[in-house]
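Here is a short briefing on the structure shown below. Points are grouped by topic.

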Amino acid sequence: MDELLIKAAIVSILIAINTAIAGTLTVFRRASFLVAGSSHSALAGVAVALFLKSIGIDVHYFAFALLAAVFAAFLSAKASKHGDINTGIAVAFALSMAVAVVFISMTRNYTSNAWQFLFGDLLLLTDEDFALISISTSVVLITTSFFYHKFLFISFDPDGAEAFGINVHLYDFLLISIISISVVSALKAVGAILVFSIFIAPSATAMEIGKNTRAIFGISFIIALLSMYFGLAISYQYSLPAGALAALIASIVYFITAARKIS
Amino acid sequence: MKTVILHDVSFSYDKKVLEDLNFEIDRGEFIAILGPNGAGKTTLVKLILGLLKPEKGWIKVLGYNSFKERHKFVDLIGYLPQREEIVSELPLTVSQVVKLPLLSKGKRVGEEKVLKVLSMVGMDEEIAKRFGELSGGQQQRVLLARALVGDPEILLLDEPFNGVDIPSQEKIVEVLSDLTSKGKTVIIVVHNINPVLHEVDRVILLNRKVIATGKPNDVFTEENVIKAYGSSIPLVICEEGYTHPLYGDQHG
């Protein structure tokens, strides 16, 4: 079997783990838009990194993407202190897109790189990308397992959690940061635009059919993984972008499930 | 022993919300804090919980400064928040909801303990059900069980009867009365006192200031009601001799 395909298959498992954890926690936190905000903020970081590279300053995209996404997370968490978290995300989203467009337009010869970060490609990942996704997935897994009940408590009942002595703002920021790390780790594989559907659609579907939290994490993982595997298989046969196909499948599964529930 | 003491407490957000509050609550007392919408009831709850710092004065809870020494008494207060603030769409079971406060602090909770508090509120048979599938009254009883799981000295309940059916109201009142008879202090913040009026030891009538405090019959006078609500409210004496204010929903 093609080495690239094997690597893509393993990366799909890692991204599905991120989807199950970060996507589900995002849906629990009622902040689905956060994934879009994080990924577009990360794109601004990538754009700055690509610009610096084009003028001879060798920097790594991941650090810039992560920094931008966590900064947006910080703004969002601060905004949520005074009301709706989505307002903060929307402002961070607009700001980062403006930064991304300005820096991409100033960057020469790197437009194709910017394209990969926009739409992703599961089959074009380097060994370094593979290592980064593996490390960040481990960080997300370990941190979430450590603080899982706190994340659940602040999502379910922030007032109660605060009264019971949980530092809600601190753990909200940590939760949003974990989601941001997850999103950034999947950025090059599925792209800033499509990461939203890969992360949210499987978890939203799982919320429709899962009876408890464990089932929702499991169903979300399976839908994300199967969407990416089917996407890869179709992509291999017909030379179509795998990330886009995976996003398409995950979104269709969600709409079918939601429609069946309504009827 | 005094479980809660407020000394000259004032608090402001943009404008003054609470002014010169002075009162004490004894161990084992059943207290209702009552007032119209915007009276500062929820702010008072947050001050007692140590989540807000008094602008003036001080609050002692179980002998500790509520704001500076919150960590010393936080595990000794059971809190029931307003149910409207809870995200009941989360797929948590009743058992998970009851366990969450202790689990999130890294403490283990046995099934027997969960069953015990759930049976106190008559919800032990629903232990495996999804919280979101329960009625408003059942949800409130589960949240009361959650407040009890850490075996607190003080119970603080913010509007526990909102959207709650009569049988659940009666069950909640029965549990609270039972707890006070065992020496627990119960502080209940309500806009409608009638479900609990026969059981409380004392009422604190609040509208930014303490308008009156004492036995329900001493507090519910025409003069105090006008001071608190800004208008007259019919007062009716029931067969047992309690004065009931017959207001519409003042809570907005």
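Which residue in E2(B) is the bridge partner of Lys2(B)? The partner is Asp26(B). This is a predicted model. The predictor assigns the complex an ipTM of 0.88 and a pTM of 0.87. For chain B, the average pLDDT is 91, and 98% of the residues score at least 70.

**Open sheet of chain B**

- The bridge between Lys2(B) and Asp26(B) belongs to a wider pairing: strand E1 (residues 2–12) of chain B and E2(B) are antiparallel over 7 bridges.
- Both strands sit in an open sheet of 4 strands, in the order E2-E1-E4-E5 (chain B), and the pairing is antiparallel.
- The edges are strand E2 (16–26) and strand E5 (64–65) of chain B. Each has a single partner strand, so one side of each has no neighbour in the sheet.
- Helix H1 (residues 41–49) of chain B packs on this sheet. H1 touches E1, E2 and strand E4 (56–61) of chain B. The direction of H1 makes about 55 degrees with that of E2(B).

**Strand E3 of chain B**

- Strand E3 (residues 30–34) of chain B is mostly covered, with 5 of its 5 residues buried.
- In a regular strand, side chains alternate between the two faces of the sheet.
- In E3(B), Phe30(B), Ala32(B) and Leu34(B) point one way. Ile31(B) and Ile33(B) point the other way. All of these are buried.
- E3(B) pairs with strand E8 (residues 185–190) of chain B in the parallel sense, over 5 bridges.
- Two residues of E3(B) show how this pairing lines up: Ile31(B) has Ile187(B) as its bridge partner in E8(B), and Ile33(B) stands opposite Val189(B).
- E3(B) also runs parallel to strand E9 (residues 202–207) of chain B, and 4 bridges join them. Here the bridge partner of Ala32(B) is Val203(B).

**Strands E7 and E8 of chain B**

- Is E8(B) buried or exposed? It is largely enclosed by the rest of the structure, because 6 of its 6 residues are buried.
- Thr185(B), Ile187(B) and Val189(B) point one way from E8(B). Val186(B), Ile188(B) and Val190(B) point the other way, and all are buried.
- Strand E7 (residues 154–158) of chain B runs parallel to E8(B), joined by 5 bridges. Leu157(B) stands opposite Ile188(B) in this pairing.

**Strands E9 and E10 of chain B**

- E9(B) is mostly covered, and 5 of its 6 residues are buried.
- E9(B) and strand E10 (residues 209–214) of chain B run antiparallel, joined by 5 bridges. Ile204(B) stands opposite Thr213(B) in E10(B).
- The two strands form a hairpin with 1 residue between E9(B) and E10(B). Arg208(B), in the turn, has a positive phi of about 70 degrees.

**Helices H8 and H9 of chain A**

- Helix H8 (residues 168–190) of chain A and helix H9 (residues 195–209) of chain A have axes that come within 9 Å. The axes cross at roughly 120 degrees.
- H8(A) and H9(A) are therefore oblique to each other.
- On the H8(A) side, the contact is made by Ser182(A), Val183(A), Ala186(A) and Val190(A). On the H9(A) side, it is made by Val195(A), Ile198(A) and Phe199(A).
- Ser197(A) also has its place in helix H9 of chain A. Its relative accessible area is 16%, so Ser197(A) counts as buried, the limit being under 20%.
- Leaving aside neighbours within four places in sequence, Ser197(A) is in contact with Pro202(A), Ala247(A), Ala250(A) and Ser251(A).

**Nonpolar cores**

- The largest nonpolar core has 113 residues. Phe199(A), Leu144(B), Leu176(B) and Ile193(B) touch the most other members.
- Not counting residues up to four places away in sequence, Phe199(A) touches nine residues by name: Ile15(A), Asn18(A), Thr19(A), Ala22(A), Gly23(A), Val35(A), Ser182(A), Val183(A) and Ala186(A).
- Another core, of 31 residues, lies apart from the largest one. Its members include Val4(B), Leu18(B), Ile154(B) and Leu206(B).

Key
Residues are numbered from 1 along each chain as its sequence is written. Chains are lettered from A and ligands numbered from 1 in the order in which they are written. This is a predicted model: local features need pLDDT of at least 70, side-chain atom pairs count only at pLDDT 80 or more; totals for chains, interfaces and linings use all residues. Side-chain values use heavy atoms; hydrogens and water are left out. pLDDT is the predictor's confidence in each residue, from 0 to 100. A nonpolar core is a set of buried Ala, Val, Leu, Ile, Met, Phe, Trp, Tyr and Cys residues joined through side-chain atoms within 4.5 Å. Buried means under 20% relative accessible area, exposed over 50%, partly exposed in between (1.4 Å probe, protein chains only). Contact means heavy atoms within 4.5 Å. Two strands pair if DSSP finds at least two bridges between them. Axes are lines fitted to C-alpha atoms, for helices over the stretch in contact, and angles run from 0 to 180 degrees between N-to-C directions. Angles under 35 degrees count as roughly parallel, over 145 as roughly antiparallel, 65 to 115 as roughly perpendicular and the rest as oblique.
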